[in-house]
Each structure stands twice: as C-alpha cells, then as structure tokens.
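Visitor: Could you walk me through this model and show me how to read its features?
Guide: Gladly; let us look at the structure together.

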Amino acid sequence: MAKLEILEFPDPRLRTVAKPVAEVNSRIRQLVDDMFETMYAAPGVGLAATQVNVHERIVVIDVSDDQSQPMVFINPQVTVLDEETLLPYDEGCLSVPGFYETVERPEKVRVEALGRDGEPFTLEPDGLLAVCIQHELDHLNGKLFVDYISPMKRSRIRKKLEKQHRLQA
Ligand code: QAP
Ligand code: CO
C-alpha cells in the first residue's frame, strides 16, 4: 500500500484526458488500492486517477460515513436519464483544497463500468453518489468543478491556491 501525491488546481496535468484501461490486471488493482489509501487518508469521498497523475480511466468512491462502502469504476460510462432534473450540491475536490461551490448536475443517471474484478456492472445512483460519479468522470476528461462556476470565482480560487503553493515551495 502507498499513499500517492494529489495534484492541485491549477496544475495543467489535471487537464489531461485519461485513456481507457485495456485489462484489469494486478497493476491496476494495486493502483486502485493505493487510490483508496490516498482518498481515505485525506479524507475524501471520491478520487480519479487523473488527480494522482495517472492518466487511465479509473475512479474510486466511498460516500459512506465510515469508509465501509468502497466502489471502483474502471472505464465508466455515464448516461443522463433525465436532462431536466438537476441536483444542486455544494461540491469540493481534493485537488481544490479548502474551496466549495454549488454546482448543478443531472440527478438521474445510469453508470456502466468495470469493477476491481474486471466484471461489468450497471448502477442507477442517486443523491451524493450520482453527483460524485459525474464529478469524478469529469476529472478523467480533464474537467474540474471550478469550470462550472463564474470566471471571477475561479480566478480568485486559482490565485489563492497559487499563493499557497508558492509558500509551500
Ligand atoms: C468529490 O471530493 C465530491 O476541500 C469528492 O480541504 C465532493 O472528496 C463530489 C476534500 C462533494 C460531490 C460532492 C475537499 C477534503 C475532499 C477539501 C472530495 C478539503 C479536504 C473532497
Ligand atoms: Co475532484
């Protein structure tokens, strides 16, 4: 097990589009386990491989209160079932630490993916899980929740994080 470094906004590597996983092998399973260790330590509820600078289509999520429901999504596909019903949610991101903004996303979605065992499964999540899977899929496409807010708010967040990063260096 290993904890991985999380890239932070506005790191340009967060804009990389991830490639599909060709085979769920022991390397992928090790990466999944390291992603859970990294997410649980943070702590967070979702993490995409992009955020740990691995550009393959892998997401881990656990929206339980007690880290008891680990979920793995490899090569996830999301279908919006109802374009009209939007769920506003105060979103955060491990790559945008300390900042939360309200984003509206479709509430009714279907998710198809491969699990840690390489077997396909389908899910129709609701609430936080529906929001989280869409947030994480965005990461695999190089997109961040701050892309949905006003340019002024986004630039304020970017400046504050850049200053923090300068102080850390
Ligand atoms: C994505 O985000 C998400 O700012 C997962 O200082 C979040 O796990 C989707 C975190 C909310 C939907 C709703 C954020 C930890 C964790 C921070 C996370 C922070 C420490 C964020
Ligand atoms: Co995120």
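**Reading the model step by step**

Guide: Let us start at Y148, a residue in the loop between helix 2 and helix 3 (151–168). Keep in mind throughout that this is a predicted model.

Visitor: Is Y148 buried, exposed or partly exposed?
Guide: The range for partly exposed runs between the buried limit, under 20% relative accessible area, and the exposed limit, over 50%. Y148 has 39% relative accessibility, so it counts as partly exposed.

Visitor: How far apart are Y148 and D33 in sequence and in space?
Guide: Here we set a separation along the chain beside a C-alpha to C-alpha distance. Y148 and D33 are 115 residues apart in sequence, and their C-alpha atoms are 30 Å apart in space.

Visitor: What separates the C-alpha atoms of P76 and L137?
Guide: For this pair the distance is 7.3 Å, with the two positions 61 residues apart along the chain. P76 belongs to strand 3, which spans 71–80.

Visitor: Is P76 buried or exposed?
Guide: Buried means under 20% relative accessible area. P76 has a relative accessibility of 5%, so it is classed as buried.

Visitor: Let us turn to the backbone. What should I expect of phi and of peptide bonds?
Guide: Most peptide bonds are trans, and most residues other than glycine have a negative phi. That gives us two kinds of exception to look for.

Visitor: Which residues does a cis peptide bond join?
Guide: One such bond joins F9 and P10, with omega at about 5 degrees. P10 is part of the segment before helix 1 (26–41). Another cis bond links A42 to P43, with an omega of about -5 degrees. P43 falls in the loop between helix 1 and strand 1 (46–48).

Visitor: Where is N53 found, and what is its phi?
Guide: N53 sits in the loop connecting strand 1 and strand 2 (58–61). Its phi is positive, about 65 degrees, although N53 is not a glycine. N53 is also partly exposed, at 34% relative accessible area.

Visitor: And what is phi of Q67?
Guide: Q67, again a residue other than glycine, has a positive phi near 55 degrees. This residue is in the loop between strand 2 and strand 3. With a relative accessible area of 41%, Q67 is partly exposed.

Visitor: Now the ligand. How many residues surround ligand 1, and which are the closest?
Guide: To read a binding site, begin with the shell of neighbours. Ligand 1 is surrounded by 19 residues, of which G44, V45, L94, G98 and Y100 are the closest. Sorted by class, the shell contains 12 nonpolar, five polar and two charged residues.

Visitor: Which elements supply at least two residues of that shell?
Guide: Strand 4 (86–91) and helix 2 (127–140) each do. Helix 2 gives the largest share, five residues.

Visitor: Which atoms of V45, G98 and Y100 lie 2.8 Å or 3.2 Å from an oxygen atom of ligand 1?
Guide: In V45, a backbone N or O atom is 2.8 Å from a ligand 1 oxygen. In G98, a backbone N or O atom is likewise 2.8 Å from an oxygen of ligand 1. For Y100, a polar side-chain atom lies 3.2 Å from a ligand 1 oxygen. On its own, ligand 1 has 500 Å² of accessible area, and the protein covers 84% of that.

Visitor: Where does ligand 1 sit?
Guide: Ligand 1 occupies the largest pocket.

Terms used. Residues numbered from 1 in each chain as written. Chains lettered and ligands numbered in written order. Predicted model: local features only at pLDDT ≥ 70, side-chain atom pairs only at ≥ 80, totals over all residues. Heavy atoms only, no water. Near = heavy atom within 4 Å. Polar contact = N/O pair within 3.5 Å; in protein donor to acceptor, adjacent residues only side chain to side chain. Areas by Shrake-Rupley, 256 points an atom, 1.4 Å probe, with all protein chains shown as cover. 1 Å grid on protein atoms, 1.4 Å probe; cavity = no way out; pocket = protein on both sides within 12 Å on 5 of 7 lines; lining within 4 Å. Sits in = over half its atoms within 2 Å of the grid points. Helix = DSSP H or I, 4+ residues; strand = E, 2+ residues; numbered from the N terminus. Nonpolar A, V, L, I, M, F, W, Y, C, P; charged D, E, K, R; others polar. Buried < 20%, exposed > 50% of the residue type's maximum accessible area, 1.4 Å probe, protein only.
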